Each structure stands twice: as structure tokens, then as C-alpha cells.
Protein chains: 2
Amino acid sequence: MYAVPNIPLIKAGDDIAQIIYKCAKEDKFGFENRDIVVVTHKIVSKAENACVKLSEITPSVYAKELAEKTGRDPRLCQVYVNESKEILGINGRHIVTRHRLGFVGTGAGVDTSNMGILDEEIVCLLPRDPDASARKIRSKLKELSGKELAVIICDTYGNEYRKHSINFAVGIAGIHPYPIGDTVDLYDRPKKSSTAQVDEIAAAAGMMMGQANERIPVVVVRGVEYKVGKDVSIKDILT
Amino acid sequence: MYAVPNIPLIKAGDDIAQIIYKCAKEDKFGFENRDIVVVTHKIVSKAENACVKLSEITPSVYAKELAEKTGRDPRLCQVYVNESKEILGINGRHIVTRHRLGFVGTGAGVDTSNMGILDEEIVCLLPRDPDASARKIRSKLKELSGKELAVIICDTYGNEYRKHSINFAVGIAGIHPYPIGDTVDLYDRPKKSSTAQVDEIAAAAGMMMGQANERIPVVVVRGVEYKVGKDVSIKDILT
């Protein structure tokens with residue numbers, strides 16, 4: 001695994017693929033075919049301006065209720081509601097949501113950290129269509145490097161039964177979400193279940209990315225066998 | 001990350017640490033201080049004989065009901081009940097359980113694959129005390145290698161909201177389950193949440209281990225910053 005160094009703070013309109021390619025090149029890193037580029041959703045959302053100013057949000061009665069129960073800003077609770085298909089419940093100060101894209105977790109993929117010191121409080125959402133964002137980065141990186149890569153966009157999610165969070169895939173391009181085809185165990189007995197490979201890769205990259213001030217938003221994973229996929233979607237992994 | 005090669009099929013009574021050390025040494029791999037040795041619970045359970053013969057299990061009425069609803073062997077359902085504090089629900093053919101150690105997942109950590117071709121059907125349980133198993137492996141590896149290592153014992157768990165499973169930590173030694181101390185974001189604002197580091201490391205190792213016939217039960221992770229912990233327990237991570 002290779003952490004791309006010196007990625008600058010991303011602004012709306014930035015070309016993520018161009019920046020990744022440039023930073024890797026300046027570090028003498030050469031992409032290879034079948035590399036998997038894992039990108040935190042945060043920089044993708046910033047580049048795509050998938051952000052909301054809390055000052056422009058008017059909380060509903062329901063959002064105010066959620067705020068009261070959890071001690072959170074009612075405007076932030078309204079953003080959770082806006083970003084979700086469904087509010088599944090409350091767990092202490094956490095609001096468990098089913099995001100409009102189907103992901104279940106706390107806080108509807110809305111981030112308040114690493115958003116810069118600004119006059120107004122700005123929160124970061126998931127990209128509108130993370131699969132499309134991944135495809136765009138993949139296509140541009142292929143153009144720049146001449147290599148066939150896969151791209152995973154990731155975010156950290158909490159788990160109801162375990163403290164703290166781990167990284168999951170929220171958008172994919174060029175890689176199937178899990179191994180395709182039948183697998184067998186050591187004794188040639190069919191295995192019905194298989195691993196969610198893109199989630200394991202996202203978690204592995206998360207191990208290097210950290211979640212606070214590490215400033216490593218892009219990790220390249222090399223040497224992992226995977227099934228190349230065209231027209232794949234992270235939605236294929238959701239129940 | 002380094003996959004220890006040529007680990008033989010493990011039998012009851014085998015010394016896992018000795019085998020890991022020997023296989024790594026024959027491959028010219030030298031352990032270093034702060035290496036994290038990730039071991040799949042399967043070989044630990046086999047070495048500790050944490051296995052059950054289905055022929056010796058008499059299913060209760062409740063286990064028979066579970067079997068009927070899920071299409072599973074009633075004796076296997078009884079093992080799930082025996083290994084669980086609580087049966088949380090049914091999801092298609094999956095039975096969601098709270099394991100006696102507190103882990104929530106499908107099938108109570110009971111594995112039926114890679115258990116050998118035997119006259120009798122044998123299933124593999126989680127080790128009785130995976131933290132203790134991790135401590136034992138750590139202590140023996142330290143004795144053999146002279147290095148300060150951490151050990152994580154892992155298992156794959158399904159997630160209710162995502163298809164397929166990923167690797168989680170079920171026992172730890174020498175490593176805190178998550179970063180200790182306050183973290184700040186890029187703008188020095190405190191971050192309240194942090195990543196479940198041992199779970200991300202387990203998932204990363206799972207990326208190399210696979211789950212079918214890959215035969216990679218041990219992966220060494222190097223270069224990850226972590227907080228060394230004495231008397232740590234995976235239970236500290238459970239809600």
C-alpha cells in the first residue's frame with residue numbers, strides 16, 4: 001500500500017485525478033495496471049462542492065426533536081434528514097440513518113471535520129453519485145498514466161455493536177464489489193458466502209488514512225487479486 | 001503486509017506460534033518490533049480443539065424452529081444457540097446472534113468450511129477466550145523472535161445492511177483496540193470519534209487471507225502506528 005504524499009487541501013472545482021497523478025509522479029511513484037486507488041469521499045465531495053452551509057438550513061420540527069434527543073445542532077439534524085431515505089433510530093448522541101444511496105450508518109455520511117476555518121459552518125455531504133465520481137477519476141487517471149486501474153471512494157461508518165468506525169466503500173469503478181463466481185473451500189466444498197472485497201480494501205486503506213489530521217486522503221493498493229468490472233455499482237453490495 | 005506461506009493444516013494441540021515462526025523463518029522473513037501478527041481464528045480454534053461434532057448435538061424445539069425457518073441443519077442451529085447470549089433475529093437463511101463474548105453477527109462465529117473430510121460433521125467455534133489465545137501466541141512469538149509484537153485474532157462477520165462479510169478482530173494482545181487520547185482535525189478541532197484500528201487491520205489482513213481455499217491464515221502487518229497495550233481486551237470495543 002502506498003500513501004500518496006502532499007495532496008493539498010482540495011477546493012471546489014479541483015481535478016482530483018490530476019492532483020493524485022501529479023503528487024504521485026513528484027514522489028517518483030509509477031502507477032501499474034491493476035492498482036486500486038482508494039480515495040476518501042471528503043476530497044471528492046469538496047472538489048464537487050457537495051457541501052452545505054448550516055446558516056442556510058431551516059430545521060423542521062422533526063429535526064428539532066432529533067436535536068433535542070441527541071444534543072446536536074438542529075440544522076445539522078435537518079441535513080441528516082435531507083440526506084436520508086429514512087431515520088432508523090437514535091443511539092446516544094448518534095442518529096442512525098439509511099442514506100439516500102442506501103448506506104446504513106450514523107450521521108448520513110455528513111462530515112463536520114476538516115472543513116476549514118470559515119465564517120460560516122459548512123458541512124460536507126457524500127458526493128451526489130459516488131460511483132460516477134469514481135468512474136470519472138478512473139477514466140482521467142487512465143488517460144494520464146496509461147494504466148488500467150480501479151478506483152474506490154470510501155467513507156467511515158460506525159457500527160451499532162462496536163465502538164468507533166471503519167472505512168467502507170461508497171463508490172467503485174473498475175472493480176467488482178465482491179469476488180464473482182463460485183468459490184470452494186480447501187476440501188472442494190462450495191462456499192456460499194464471500195468477502196466484501198471492496199470494503200476490506202477500503203478498511204485497509206483506512207488503516208493508513210486515519211481520520212483526524214493525518215492528511216492522507218489517497219492510498220494505492222497493489223497486489224490484490226480482483227475481478228475487473230465494467231458498469232459496476234456499490235449498490236450491488238447493499239441489502 | 002506479509003502473508004506467511006506454507007502454514008500446514010492445523011490439528012488439535014499444535015503450537016500456532018511455533019508454526020508461524022518456523023514458516024516465516026524458512027521464508028527468510030524476520031520479525032521486527034511493532035509488527036502486528038493477524039491470525040484467523042480458524043487455526044486457533046483447531047489448535048485449541050474448539051470444535052463440536054454435530055452427531056453429539058441434540059437440537060431443542062427452539063433450534064428445530066430456527067432450522068425450519070432458515071433451511072439449516074437443526075443441530076447446527078443448536079450450536080448457534082449454545083454459543084450465543086441471544087438470538088437477535090433471522091435474515092433469510094442467516095441467523096443473527098449475539099455471541100457469548102458479545103460479538104454481533106450471523107452464525108455465532110461457527111464455521112463449517114475448511115474443517116476437513118471426516119466421517120462426522122465437525123464445526124469450528126470461536127476460541128473459548130480469544131484475548132487469552134492472542135496473549136499466548138504473542139508471548140511465545142516474543143520468546144522465539146525476541147521482538148515486541150502485537151497479535152490480532154480475526155473472524156469474518158456479515159453486516160445486516162451489506163452483502164457478504166469482512167474480517168473483524170475477535171481477540172487482541174499488545175495493541176489497543178483504538179487510538180487512545182484526543183485527536184484533532186486539520187483545524188485543531190477535537191474529533192470525538194476515531195477508527196476501530198484493530199478492525200481495520202483485521203480487514204486489511206482479510207484482503208490477503210481470502211475466505212475459501214487461499215490457505216493464508218496468518219498475515220504480518222508492518223509500518224502501522226499503534227498504541228501498545230497491556231491487559232487489553234477486544235471487549236473494550238464492544239457496545
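In this predicted model, strand β2 of chain B, residues 36-40, is largely enclosed by the rest of the structure, because 5 of its 5 residues are buried. Buried here stands for a relative accessible area under 20%. The side chains of this strand can be sorted by direction: I36(B), V38(B) and T40(B) point one way, V37(B) and V39(B) point the other way, and all are buried. This pattern can be read alongside a general rule, namely that side chains in a regular strand alternate between the two faces of the sheet.

Which strands, then, are joined to β2(B) by bridges? One is β8 of chain B, residues 150-159, which runs parallel to β2(B) and is joined to it by 5 bridges. Along this pairing, V37(B) sits opposite V151(B), and T40(B) has C154(B) as its bridge partner. Another is β12 of chain B, residues 218-221, which is antiparallel to β2(B) and linked to it through 4 bridges. Here I36(B) is partnered by V221(B). As a general reminder, the strands of a sheet pair through backbone hydrogen bonds, in either a parallel or an antiparallel manner.

Strand β8(B) is also largely enclosed by the rest of the structure, since 7 of its 10 residues are buried. Besides its bridges to β2(B), β8(B) pairs with β9 of chain B, residues 162-173, in the antiparallel sense, over 9 bridges. In this pairing T156(B) meets N167(B) as its bridge partner.

Put together, these strands belong to an open sheet of 5 strands in chain B, with the order β1-β12-β2-β8-β9 and mixed pairing. At the edges stand β1(B), residues 2-3, and β9(B); each has a single partner strand, so one side of each is left without a neighbour in the sheet. Helix α6 of chain B, residues 197-209, lies across β1, β2, β8, β9 and β12 of that chain and runs at about 120 degrees to β9(B).

Turning to chain A, a pair of helices comes into view. Two packed helices are described by the angle and the distance between their axes. For α3(A), residues 61-70, and α4(A), residues 74-83, the axes come within 8 Å and cross at roughly 120 degrees. That angle makes α3(A) oblique to α4(A), and their crossing is right-handed. On the α3(A) side the contact is made by Y62(A), A63(A), K64(A), L66(A), A67(A) and T70(A), which meet P74(A), C77(A), Q78(A) and V81(A) of α4(A). By character, the residues of this contact comprise 7 nonpolar, 2 polar and 1 charged.

Finally, the backbone of two loops deserves a look. Most residues other than glycine have a negative phi. Where does K28(A) lie, and is K28(A) buried or exposed? K28(A), which is not a glycine, has a positive phi of about 65 degrees. This residue belongs to the loop between α1 (16-26) and β2 (36-40) of chain A. K28(A) is exposed, because its relative accessible area is 78%, and the cut-off for exposed is over 50%. In chain B, N49(B) also has a positive phi, near 55 degrees, without being a glycine. N49(B) is located in the loop between α2 (41-47) and β3 (51-53) of chain B.

Note on methods. Residues are numbered from 1 along each chain as its sequence is written. Chains are lettered from A and ligands numbered from 1 in the order in which they are written. This is a predicted model: local features need pLDDT of at least 70, side-chain atom pairs count only at pLDDT 80 or more; totals for chains, interfaces and linings use all residues. Side-chain values use heavy atoms; hydrogens and water are left out. Buried means under 20% relative accessible area, exposed over 50%, partly exposed in between (1.4 Å probe, protein chains only). Two strands pair if DSSP finds at least two bridges between them. Contact means heavy atoms within 4.5 Å. Axes are lines fitted to C-alpha atoms, for helices over the stretch in contact, and angles run from 0 to 180 degrees between N-to-C directions. Angles under 35 degrees count as roughly parallel, over 145 as roughly antiparallel, 65 to 115 as roughly perpendicular and the rest as oblique. A crossing is left-handed if the near helix is turned anticlockwise from the far one by less than a right angle, and right-handed if clockwise. Ala, Val, Leu, Ile, Met, Phe, Trp, Tyr, Cys and Pro count as nonpolar, Asp, Glu, Lys and Arg as charged, and the others, Gly among them, as polar.
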